[in-house]
Amino acid sequence: MSEIKITEKEVDLIILDLLKKHLEEVKVDEEKFLDLLKHSLSLNTGEKKRVVDAVPTLSQFQFDELAKVFTEEREKFKELAKEHPDDIKKLLAKQQTEWLQLWDLYRAEQEAKAKEDEAKKKEEEIKKSLGL
C-alpha cells in the first residue's frame, strides 16, 4: 500500500464535510465547531473520530454542550500555557500529528468497506452462476 500524504488543510475540508451531515433542524457553525474540535487538547484521535461519527445523530443541545466544553477547555489551556508553555507546546504538536492521523482512520475504514463490498459482490456473482 502506497503512503498517501495529506495536508492539514485537506483533513480540515474532509472533516468539515462530515460535520455538515448534522440533522437539518440543528443549527451549527460547522467551521467554528471544526476549529474547536481540531484544537481540543484533551481528546485523542479516536475520541475526535467518535464525535465526528456521531454528528448525524447529535441534538442541538449536544452540539451546544460540546462547543461549550471545547471553549472552556481552550480557556483553561490558555491559562496553563502561561505557567507551562513547553508542556502546552508539546500538546499542540501532538494534536497536529493526531489530526492527520484522523484521516488515516477514515481512509482505513473506507478501504475495509470497499473490500467488504467487493467480497459481497463476488459472493452474489457466484450464487447467481450457481442458480441460487
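The legends below describe close-up views of a predicted model.

**View 1. Surroundings of Phe63 in helix 4 of the predicted model.** Phe63 is located in helix 4, which covers residues 60–83, and its relative accessibility of 3% places Phe63 among the buried residues. Leaving aside residues up to four places away in sequence, Phe63 is in contact with His22, Val26, Val28, Phe33, Val55 and Leu58. For one of these partners, Val26, the separation from Phe63 is 37 residues in sequence and 8.4 Å in space, taken from C-alpha to C-alpha.

**View 2. The salt bridge between Lys38 and Glu8.** The side chains of Lys38 and Glu8 form a salt bridge with an N to O distance of 2.7 Å. This pair links distant parts of the chain, since Lys38 belongs to helix 2 (residues 30–38) and Glu8 to helix 1 (residues 8–19), with their positions 30 residues apart. Lys38 counts as buried because its relative accessibility is 6%, whereas Glu8, at 27% relative accessibility, counts as partly exposed. Glu8 and Lys38 also take part, together with Asp12, in a network of salt bridges.

**View 3. The salt bridge between Glu109 and Lys49.** Glu109 is joined to Lys49 by a salt bridge in which the closest N and O atoms are 2.4 Å apart. Here too the pair links distant parts of the chain, with Glu109 in helix 5 and Lys49 in helix 3 (residues 45–54), 60 residues apart. Glu109 is partly exposed, having a relative accessible area of 43%, while Lys49 counts as buried at 9% relative accessibility.

**View 4. The salt bridge between Lys94 and Glu98 within helix 5.** The side chains of Lys94 and Glu98 meet in a salt bridge at 3.1 Å, N to O. Because Lys94 and Glu98 are four residues apart in helix 5, about one helical turn separates them. Lys94 is partly exposed, with 47% relative accessibility, and Glu98, with 15%, counts as buried. In the structure as a whole, a search finds 14 salt bridges. Side chains of opposite charge can pair when their charged atoms come close.

**View 5. A nonpolar surface patch made by Ile126, Leu130 and Leu132.** Ile126, Leu130 and Leu132 together make a nonpolar patch of about 370 Å² on the surface. Among these residues, Ile126 is placed in helix 5, which spans residues 85–129. Ile126 counts as exposed because its relative accessibility is 51%, and the cut-off for that class is over 50%.

Technical notes:
Residues are numbered from 1 along each chain as its sequence is written. This is a predicted model: local features need pLDDT of at least 70, side-chain atom pairs count only at pLDDT 80 or more; totals for chains, interfaces and linings use all residues. Side-chain values use heavy atoms; hydrogens and water are left out. Patches are made of residues with over 30% relative accessible area and no salt bridge: like charges are joined within 9 Å, nonpolar side chains (Val, Leu, Ile, Met, Phe, Trp, Tyr) within 5 Å. Accessible areas come from the Shrake-Rupley method with a 1.4 Å probe; for residues, only the protein chains shown count as cover. A salt bridge is a side-chain nitrogen of Lys or Arg within 4 Å of a carboxyl oxygen of Asp or Glu. Helices (H or I, at least four residues) and strands (E, at least two) are DSSP runs, numbered from the N terminus. Buried means under 20% relative accessible area, exposed over 50%, partly exposed in between (1.4 Å probe, protein chains only). Contact means heavy atoms within 4.5 Å.
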